[in-house]
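This report covers selected residues and helix contacts of one structure. Please keep the sequence and the 3D view at hand while reading.

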Amino acid sequence: MPDISLTMVALLCTAALAAGWIDAVVGGGGLLLLPALLLGLPPGTSAAYALGTNKAVAIVGTTGAAVTYARKAPVDVGLAVRIGLAALAGSTGGAFVAAGLSTEVLKPVVMVVLLGVGVFVILKPAFGTAPSTAPVSPRRILAAIGLAGLGIGFYDGLIGPGTGTFLVLALTALLHLDLVTASATAKIVNCCTNAGALATFAWKGTVHWQLAALMAVFNLAGGMVGAHTALKKGSGFVRVVLLTVVFALVANLGYQQWVA
């Protein structure tokens, strides 16, 4: 356990609870959890420990949410795993590229994309409100594996913020899913990418396991409650949370780019 006060531990556990809820509903829990760890760990601690501990916490909440969704939502688990394995490969490639590339130049591009997504969802109120009854073509399935798997996985390894949100949007658009089913599918994909990242951080020894275990209990609770909330309230509720997270991501990236 790192040398931090009980008050800070309580604050980090509260952040883990809230992040689990947000992540289960629409993705983007890392927007809250990672900054909390960066601020909460002792001064001078390498950022790698915040990243590694974040993954150790997040994988528990994500798995809990995925199991909750899989029991009650019409999720194609086999397809989700195929997309997840592609995302795992993509995130590995992104991490290698990130080692020699400044991601600062990409953040404005991501902000523009997110703003475009937000405007699209606002102007298309029917987006993701109901699944299509038509069968999904093999071409769309391959596109989902390529874009939502390899493409967004690569982004996750390269930059990271908003990966879950991008997955929800891509799966909704490509596979004609409603937002609840897309969130459920995204959780399974996230389990794959988180597992790969966590294995890397564990191998490097940059995980505070005791702190992660405590926070993971709260993240799991938040994730399961968030999944139940999304299933109960439906796609309209998820749409509101989605827009909130999208614009919060834009604000966060803008702050990192021009203020911090």
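Leaving out neighbours within four places in sequence, Val75 is in contact with Tyr69, Ala70, Ala184, Thr185 and Ile188. The model is a predicted one. Val75 sits in the loop between helix 3 and helix 4, the latter spanning residues 77-98. The relative accessible area of Val75 is 16%, and the cut-off for buried is under 20%, so Val75 is classed as buried.

Val75 can also be placed relative to His176: the two are 101 residues apart in sequence, and their C-alpha atoms are 13 Å apart in space. His176 belongs to another loop, the one between helix 7 (163-175) and helix 8. With a relative accessible area of 32%, His176 is partly exposed. The backbone of His176 has a positive phi of about 55 degrees, although the residue is not a glycine. Most residues other than glycine have a negative phi.

**Single residues in helices**

The table lists three residues with the helix that holds each and the relative accessibility of each.

| Residue | Helix | Relative accessibility | Class |
|---|---|---|---|
| Asp23 | helix 1 | 16% | buried |
| Val60 | helix 3 | 29% | partly exposed |
| Val113 | helix 5 (residues 107-123) | 40% | partly exposed |

Which residues does Asp23 touch, not counting residues up to four places away in sequence? They are Gly28, Gly29, Thr62 and Lys187. Between Asp23 and Val189 the sequence separation is 166 residues, and the C-alpha to C-alpha distance is 13 Å.

For Val60, the contacts beyond four places in sequence are Ala216 and Leu220. The C-alpha atoms of Val60 and Asn219 lie 7.0 Å apart, with the two positions 159 residues apart in sequence terms. Val113 and Gly226 are 113 residues apart along the chain, and their C-alpha atoms are separated by 26 Å.

**Helix 2 and its partners**

Two packed helices are described by the angle between their axes and the distance between the axes. For helix 1 and helix 2 the angle is about 165 degrees and the axes are 8 Å apart. The cut-off for roughly antiparallel is over 145 degrees, so helix 1 is roughly antiparallel to helix 2. The crossing of these two helices is left-handed. On the side of helix 1, the contact is made by Met8, Leu12, Ala15, Ala16, Ala18, Ala19 and Ile22. Helix 2 contributes Leu32, Leu33, Ala36, Leu37 and Gly40. Sorted by class, the contact of helix 1 with helix 2 has eleven nonpolar residues, one polar residue and no charged residues.

Which residues of helix 2 (residues 30-40) are buried? They are Leu33, Ala36, Leu37 and Gly40. Viewed down the axis of helix 2, these buried residues fall within an arc of 95 degrees, so they line one face of the helix. An α-helix has 3.6 residues a turn, so residues three or four places apart point the same way. The buried residues of helix 2 pack against helix 1 (6-26), helix 3 (47-72) and helix 9 (209-233).

**Helix 8 with helix 10**

Helix 8 (residues 179-204) and helix 10 (residues 235-258) pack at an angle of about 65 degrees, and their axes are 8 Å apart. In this contact, helix 8 supplies Leu179, Val180 and Ser183, while helix 10 supplies Ser235, Val238, Arg239 and Leu242. By class, the contact of helix 8 with helix 10 consists of four nonpolar, two polar and one charged residues.

Note on methods: Residues are numbered from 1 along each chain as its sequence is written. This is a predicted model: local features need pLDDT of at least 70, side-chain atom pairs count only at pLDDT 80 or more; totals for chains, interfaces and linings use all residues. Side-chain values use heavy atoms; hydrogens and water are left out. Buried means under 20% relative accessible area, exposed over 50%, partly exposed in between (1.4 Å probe, protein chains only). Helices (H or I, at least four residues) and strands (E, at least two) are DSSP runs, numbered from the N terminus. The arc is that of the directions from the helix axis to the C-beta atoms. Contact means heavy atoms within 4.5 Å. Axes are lines fitted to C-alpha atoms, for helices over the stretch in contact, and angles run from 0 to 180 degrees between N-to-C directions. Angles under 35 degrees count as roughly parallel, over 145 as roughly antiparallel, 65 to 115 as roughly perpendicular and the rest as oblique. A crossing is left-handed if the near helix is turned anticlockwise from the far one by less than a right angle, and right-handed if clockwise. Ala, Val, Leu, Ile, Met, Phe, Trp, Tyr, Cys and Pro count as nonpolar, Asp, Glu, Lys and Arg as charged, and the others, Gly among them, as polar.
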